[in-house]
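Here is a short report on one protein chain. Look at the model first, then read on.

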Amino acid sequence: TFEEVEEVQEEVRTVVSPKTKPTESKKVKFADKCVIRLAQEVNSELIKMGRSTYMTSDGKKGYVLTTSKVYKQGDRDKYWFAYRRNPLDDLRKCEEVFVVYGCKDEKTMVCLPVSLIEKHIDALNVSKDDDGKITHWHIVFFKDSSGSMTWLLSKPEIQEISVNNYIL
């Protein structure tokens, strides 16, 4: 007789501890350094849920991590990110969800609550696919020489709002 063999696949989860020391190696990805720094800032192990999503070990807080290189604009640094809603699916069970923006290196990170981003969603520029469906919203931050940071809102008029309270 033929016996059914059930294949058991163990789920492998990456856990980043707040005690993890960032390595000095140039090979360590910028995003990984940001995750280590985030674990230290929130003083919790972070469990990797998806490609760019993490959750605190108690499951209460979720984070989407994204990074940008620096662009010079006049005498300020500019950082550009794409905000997409799909990664948020990994974090549905969390009480609070944030997007963490790594700006050039892990020393400058802006941690915005998704509720705040959604509150300003209509003020953001967008990119659309061929069918006219929004693929992502543009998140742009500026940093001046004093380290002060603003978030660019493009509609209806261009304005910048401070995000200094959200800098980690």
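Why do Cys 34 and Cys 103 not form a disulfide? This is a predicted model, and in it the sulfur of Cys 34 lies 8.6 Å from the closest cysteine sulfur, that of Cys 103. A disulfide needs the two sulfur atoms within 2.5 Å, so this pair is too far apart for a bond. Seen from Cys 103, the closest cysteine sulfur is in Cys 34, again at 8.6 Å and too far. The count of disulfides by this rule is 0. Such a link would be a covalent bond between the sulfur atoms of two cysteines.

Are these cysteines buried or exposed? Cys 34 has 1% relative accessibility and counts as buried. Cys 103 also counts as buried, at 1%. Lys 133 offers the opposite case: it is exposed, with a relative accessible area of 57%.

| Residue | Relative accessibility | Class |
|---|---|---|
| Cys 34 | 1% | buried |
| Cys 103 | 1% | buried |
| Lys 133 | 57% | exposed |

Lys 133 sits in the loop between β9 (126-128) and β10 (134-143). Setting aside neighbours within four places in sequence, Lys 133 is in contact with Ser 127 and Lys 128.

**The sheet**

Now turn to the sheet. Its 6 strands run in the order β1-β2-β3-β4-β7-β8. The sheet is open, and its pairing is mixed. Which strands form the edges? They are β1 (15-16) and β8 (109-113), and each pairs on one side only. Helix α1 (residues 30-42) packs on this sheet. The helix touches β1, β2 (46-48), β3 (53-56), β4, β7 and β8. Its direction makes about 145 degrees with that of β4.

**Strand β7 and its partners**

How are β4 and β7 joined? Strand β4 (residues 61-68) and strand β7 (residues 96-103) run parallel, with 8 bridges between them. Thr 66 stands opposite Tyr 101 in β7. Leu 65 has Val 100 of β7 as its bridge partner. In a regular strand, side chains alternate between the two faces of the sheet.

β7 also pairs with β8. Here the strands run antiparallel, joined by 5 bridges. Val 99 stands opposite Leu 112 in β8. The two strands form a hairpin, with 5 residues between them. In the turn, Lys 104 has a positive phi of about 75 degrees. How well covered is β7? Mostly: 7 of its 8 residues are buried.

**The whole chain**

Step back to the full chain. It holds 2 helices and 12 strands. Along the sequence, these follow the pattern β-α-β-β-β-β-β-β-β-α-β-β-β-β. Of the chain's 168 residues, 41% count as buried. The chain exposes about 10,900 Å², and carbon and sulfur atoms supply 47% of that area.

How far apart in sequence are the residues that meet? Take contacts between residues at least 6 apart in sequence: 54% of them join residues at least 24 apart.

Notes:
Residues numbered from 1 in each chain as written. Predicted model: local features only at pLDDT ≥ 70, side-chain atom pairs only at ≥ 80, totals over all residues. Heavy atoms only, no water. Pairing = 2+ DSSP bridges. Helix = DSSP H or I, 4+ residues; strand = E, 2+ residues; numbered from the N terminus. Contact = heavy atoms within 4.5 Å. Axes fitted to C-alpha atoms, helices over the stretch in contact; angles between N-to-C directions. Buried < 20%, exposed > 50% of the residue type's maximum accessible area, 1.4 Å probe, protein only. Areas by Shrake-Rupley, 256 points an atom, 1.4 Å probe, with all protein chains shown as cover.
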